[in-house]
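Biologist: I should like to learn how helices and pockets are read from a model. Please begin once the structure is before us.

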Amino acid sequence: MELRHLAYFVAVAEEGSFTRAATRLHVVQSGVSAAIKALEHELDAPLLERTSKRVALTDAGAALLPRARAALDAARAARDAVDEVRGGLRGTVRIGTLTAIGLVDLPALLGRFHRTHPAVTLQLTVSTRGSGGLVDALTDGRLDLAMVSVPGRPPAGVHLRQLLWRPMELVLPAGHRLAGRPEVRVEDLAGEQFVDFPVGYGNRTVVDRAFAAAGLQRHVSLEVVDISTGAGFVRHGLGIAILPRFAVPDEVDLVVVPVADADLDWPLGVATSAVRAPGAAARALLGMIDDHLRPPGALRDAG
């Protein structure tokens, strides 16, 4: 069984398409199809169901997928061990990241890493499902590490190291009935319409938990996926929002009010798989993250 065949199979399974898998692998589509056919012939079982719209795993394919990933991980670990002896890191680090977080100068971090380890390829991925989607990609082997916002206990199968926290505050359009108050309580927000993020995003989780703790429901009238745009929608009357202050860069026509007696800390952490050890290159990147993200006074002891 060739590792190349397993790599092609994993790519098709993750992309759900022979065409996208070929693009990802930088090979022609016929080569991917031939590799899958050879693997199915060797295993004497169909691994993929092909339709005009998508490619899905058969039962045999679903059983093979985690084992194929494990085999590729083992091969990567073997290469890492040899590279370390030879004095240089190689390979690829697949990094999940959130959209538009001004706290993290990701280009500077990755630039520093690239200068130190120029033979390592870096791949960045975002998820339309926010931190929830990135966590799923970690657990099924599509990512090596991810910058995520996951409040509270980490999900099963994930190691989470919290790096920093930022308080979230109420963002109102000027002239709102609550704009003149020095602070508000969650109970004061009953009946308001909110601009927020889809379920799965860390800041949505923080706010949902605060309302649940107060025994209140709320109505999210607009969902956005870029934290840098939330305040703009508030400014134009589409609702109010609870955001970290860094996501409100310009307070013209906006009022920011603290929310009293509510746990509204927005966390940022780095997550890795709890069942797959990171490769040597990923470990090197993890070692750089703390120093890069440690502005004075920004970190708290994660316990």
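**Helix α1 and the pockets**

Modeller: Helix α1 covers residues 3–15, 13 residues in total, and reaches 18 Å from first to last C-alpha, close to the 18 Å expected at 1.5 Å a residue. The expected span is 1.5 Å times one less than the number of residues; helices are DSSP runs (H or I, at least four residues) and strands are E runs of at least two, numbered from the N terminus. This is a predicted model, in which local features need pLDDT of at least 70, side-chain atom pairs count only at pLDDT 80 or more, and totals for chains, interfaces and linings use all residues. Residues are numbered from 1 along each chain as its sequence is written, and side-chain values use heavy atoms, without hydrogens and water.

Biologist: What follows just after α1?

Modeller: Gly16, with a positive phi of about 65°.

Biologist: How is a pocket recognised, and what volume has the largest pocket?

Modeller: Rolling a probe the size of a water molecule over the atoms shows where empty space is left. On a 1 Å grid over the protein atoms alone, a pocket is an open set of points where a 1.4 Å probe fits, with protein on both sides within 12 Å along at least five of seven lines; lining residues have an atom within 4 Å of a point. The largest pocket holds about 990 Å³, the space filled by probe spheres set on the points. Of its 32 lining residues, Glu14, Arg24, Arg94, Gln123 and Arg142 are the closest to the centre.

Biologist: Which element supplies the largest share of that lining?

Modeller: Helix α1, with eight residues.
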